[in-house]
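Reader: I am new to this structure and would like a close look at a single part of it, taken slowly and set in the context of the whole chain. Could you choose one helix and walk me through it from end to end?

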Amino acid sequence: ACQLAFAEWQATYQKKLLQSGYDKEQATDLGITVNLMIEGAILLSLTSKSNKPLEVAKKHITILLSKD
C-alpha cells in the first residue's frame with residue numbers, strides 16, 4: 001500500500017514538472033527528490049514536534065525547482 005501511494009505521489013510530481021518544462025529524466029528524478037524531502041520532513045516534524053523541518057523542506061524545494 002505504501003509503495004503504491006509513494007509511486008502515485010511521484011507520478012503526480014513528475015507530471016507537474018513535465019508540464020513546467022523539465023525533461024522526462026529531470027522530472028522523474030525531481031519527483032523522487034521532492035517526495036523524499038516532504039516525507040522526511042513530515043517524519044522529522046512529527047518526531048521532533050516542530051514545524052522547522054517542514055519549513056526547511058519548503059525553502060529548499062522552492063530553490064531546487066526554480067528554473068533560471
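**A close look at helix α2**

Author: In this predicted model, the buried residues of α2 pack against α1, which covers residues 2-19, and against α3, which covers residues 52-65. Those elements belong to a chain whose secondary structure comes to three helices and zero strands, and which follows the pattern α-α-α when read along the sequence. The C-alpha trace of the chain spans about 35 × 35 × 15 Å along its principal axes, and buried residues make up 21% of its 68 residues. Among the contacts in the chain with a separation of 6 or more, 43% are between residues 24 or more positions apart.

Helix α2 itself runs over residues 24-48. With its 25 residues, α2 reaches 36 Å from its first C-alpha to its last, which is close to the 36 Å expected at 1.5 Å a residue. At the N-terminal end, aspartate 23 acts as a cap for α2, with a side-chain oxygen 3.1 Å from the backbone nitrogen of glutamate 25.

Along the helix, the buried residues are Ala27, Leu30, Gly31, Val34, Asn35, Ala41 and Ser45. A general point helps in reading such a list: an α-helix has 3.6 residues a turn, so residues three or four places apart point the same way.

Serine 45 deserves a closer look, and it counts as buried because its relative accessibility is 10%, where the cut-off for buried is under 20%. A polar atom of the serine 45 side chain lies 3.0 Å from the backbone oxygen of serine 50. Once neighbours within four places in sequence are left aside, serine 45 is in contact with Ser50, Asn51, Pro53 and Leu54.

Leucine 44, also found in helix α2, touches Lys49 and Pro53 when residues up to four places away in sequence are not counted. The C-alpha atom of leucine 44 is separated by 8.3 Å from that of leucine 54, a residue 10 places apart from leucine 44 along the chain. Pro53 therefore appears in the contacts of serine 45 as well as in those of leucine 44.

After α2 comes lysine 49, whose phi is positive, near 55 degrees.

Technical notes: Residues are numbered from 1 along each chain as its sequence is written. This is a predicted model: local features need pLDDT of at least 70, side-chain atom pairs count only at pLDDT 80 or more; totals for chains, interfaces and linings use all residues. Side-chain values use heavy atoms; hydrogens and water are left out. Helices (H or I, at least four residues) and strands (E, at least two) are DSSP runs, numbered from the N terminus. Buried means under 20% relative accessible area, exposed over 50%, partly exposed in between (1.4 Å probe, protein chains only). A polar contact is a pair of N or O atoms within 3.5 Å; within protein, one must be able to donate a hydrogen and the other to accept it, and residues adjacent in sequence count only if both atoms are side-chain atoms. Contact means heavy atoms within 4.5 Å. The expected span of a helix is 1.5 Å times one less than its number of residues.
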